[in-house]
Amino acid sequence: MANVFAFAESRGGEVRKAGLEAVSAARQLAEQTGGGEVHALVAGAPGIAAQAERLAAVGADVVLVVEHPELAQYNAEAVAATVADRIRQGGYRAAVFSATSQGKDLSPRVAAKLRAPLAPDAIALAVDGDAIVVRHPMYTGKVIGSLRVSASPALVSVRLGAIPLGTTAGAGRVEAVAPTTDPAAGRVRVVELKEGNTSTVDLGEAPVIVAGGRGLKSADNFALVERLAQAFGNAAVGATRAVTDEGWRPHSEQIGQTGRVVSPELYVAVGISGAIQHLAGMRTSKTIVAINKDKEAPIFKVADYGIVGDVFEVVPALTDAVKQARAQG
Amino acid sequence: MKIAVCIKRVPVMEVKFAIGKDGASVEETGLKYDVNDFDLWAIEAALQLAEKNPGSQTTVVTVGPDAAAEQLRKALSMGVDQGVLLKADKLPADGFAIAEALAAELKGGGYDVIFFGKKAIDSGAETVGIMVAELLDLPCVPAVFKLDIQGGKGTAMRALEGAAEVLAFPLPAVITVDEGLVKERLPSLKGIMAAKKKPLETRPAQLGAAGVTIARMELPAERAAGRIVGTGKDAVPELVRLLQTEAKAL
């Protein structure tokens, strides 16, 4: 029976969904390796301890709280040193991180400090004998690798949305942990956090994504995509590489081989031809809808439902119909 | 300035991959190779920094088989001064093992900036650059889409989910490059000719022990064939009905 560590990502004093998923994944691993404890570490400005209940609710038995005014923003160097120390002392079987911007920054630092193996970007975790096996999309999602890690601690990072939130509450005992290095002495400093539009959902968390391609013809016409996203109420806006290269939308909205990889419940592709580069970022979406005037467009090969037609005619009609359906539902 | 850029030879992804006989690799027959997308932008960022600082020296490094010399030559033809091939016939599945080989080469090189692409599109791991920074005990700024380096220090921006961070850092530093920072230049004919005479050294990669292995590879399930619901806006009611009753997505 071995304990499992989880890093619970937070921003602005709140644990992110990714953090809850990391704890949930750690709970899964703890159950599968004989029912050890889950120790979740959360770092932030004083007051972050109030998040402990949320971590306990998804399976944390112990919540390790690192509070320091200089941890109000993510502080890679201080957090990595503190997490590595804690994992070293804790004798954990595994340590779970999120495969988010923050987690993908943190986990390799910790792995290198501990000289411990890291299996990144898991879409599923399993225990096989003495090894932890991680399913990890490779070759832009065209191949799924099963990565095997036998050593302890095994570090893994889990993809946003891949792990269902835990329902087994842990004890949630809170334990204060002091930062290993002075967070004020870091070499790299976050000097500003530019929050995106808070009324929009992040692509990685949105259950619905409406994405636009070159078929929209101009930046202004993206208003059609935005209105459809608003009609769904819980949708994020995405774009193809052609669109972000044109400067119609920011790179942060790009979905594809070199952009975000998303897997929402519903993906609506508007004026997108379906280049391989784009499909790499969205092909695992649960339901795909495509609207394109070219009936030969490759997007129709992956779409569950397609409408062949002019986006300028179809999308406004769909927006109205979605509004109406939601008003009735 | 002394600037290094680390790149990877990766298959061109516009193919249908097949799983190799061992069940834990992709079949290499018929694959074409190129410089990893993000690494092209890392090369470009290195060249632009060198051009802003006359007298700079740029070095491109890779870990890979003999054939990876082709990707190093591409970097040289874009304008990098010299190349180093750390020879390894097969790359381990553990990013740390690769990071150790790169760190051994870069250590003591006196580099002001070491660039990496944010991630390799074949392994999809996004770990090696950051691990090299740790091994060299250098400040690390991952996944930047804006960068300004002057007077021995820099500022950069990187995307978070739904936000962006502005970071300040001193040199020397390791920087990994995201899409949007720069667009890579095409090698000119003159560049291609010049690259043939540029120094390219080969030595064995001092790979670390691999703690991660690939037990299996498989192709993801194909999506079931979809259907065209209809043409034009008249098809919208039927689409909405299907989304409600069949896909339960609305």
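Which residue in β17(A) is the bridge partner of Val268(A)? In this predicted model, the partner turns out to be Val289(A). That pair belongs to a longer run of contacts, since strand β16 (residues 266-270) of chain A and β17(A) are joined by five bridges and run parallel. To get from β16(A) to β17(A), the chain passes through helix α7 (residues 276-282) of chain A, and the resulting β-α-β crossover is right-handed.

β17(A) also has a partner in strand β18 (residues 305-308) of chain A, with four bridges and again a parallel pairing. Here Val289(A) shows up once more, this time opposite Tyr305(A) of β18(A). As for its surroundings, β17 (residues 287-292) of chain A is mostly covered, with six of its six residues buried. In a regular strand, side chains alternate between the two faces of the sheet. Going by direction, Thr287(A), Val289(A) and Ile291(A) point one way from β17(A), while Ile288(A), Ala290(A) and Asn292(A) point the other way; all of them are buried.

Elsewhere in chain A there is an open sheet of seven strands, ordered β7-β11-β6-β1-β4-β5-β12, with parallel pairing. The edges are taken by β7 (118-122) and β12 (173-176) of chain A; each has a single partner strand, so one side of each lacks a neighbour in the sheet. On average, neighbouring strands of this sheet are turned by 20° against each other, ignoring direction. At the β7(A) edge, three bridges tie β7(A) to β11 (residues 154-158) of chain A, and the two run parallel. Within that pairing, Ala122(A) sits opposite Val158(A) of β11(A). Helix α3 (residues 76-90) of chain A packs on the sheet, where it touches β1 (4-7), β4 (38-44), β5 (62-67) and β6 (94-98) of chain A. The direction of α3(A) makes about 160° with that of β4(A).

Then there is a helix pair to look at. Two packed helices are described by the angle between their axes and the distance between the axes. For helix α5 (residues 222-232) and helix α9 (residues 311-328), both of chain A, the axes come within 8 Å and cross at roughly 20°. Angles under 35 degrees count as roughly parallel, and α5(A) and α9(A) are therefore roughly parallel to each other. Their crossing is left-handed. On the α5(A) side, the contact involves Leu224(A), Arg227(A), Leu228(A), Ala231(A) and Phe232(A). These meet a set of α9(A) residues, including Val311(A), Val315(A), Leu318(A), Val322(A) and Lys323(A).

Key:
Residues are numbered from 1 along each chain as its sequence is written. Chains are lettered from A and ligands numbered from 1 in the order in which they are written. This is a predicted model: local features need pLDDT of at least 70, side-chain atom pairs count only at pLDDT 80 or more; totals for chains, interfaces and linings use all residues. Two strands pair if DSSP finds at least two bridges between them. Axes are lines fitted to C-alpha atoms, for helices over the stretch in contact, and angles run from 0 to 180 degrees between N-to-C directions. Two residues are in contact if their C-beta atoms, placed from the backbone, lie within 7 Å. A residue is buried if 20 or more other C-beta atoms lie within 10 Å of its own, exposed if 12 or fewer, and partly exposed in between; C-beta atoms are placed from the backbone. A crossover is right-handed if, with the strands pointing away from the viewer, the path from the first strand over the helix to the second runs clockwise. Angles under 35 degrees count as roughly parallel, over 145 as roughly antiparallel, 65 to 115 as roughly perpendicular and the rest as oblique. A crossing is left-handed if the near helix is turned anticlockwise from the far one by less than a right angle, and right-handed if clockwise.
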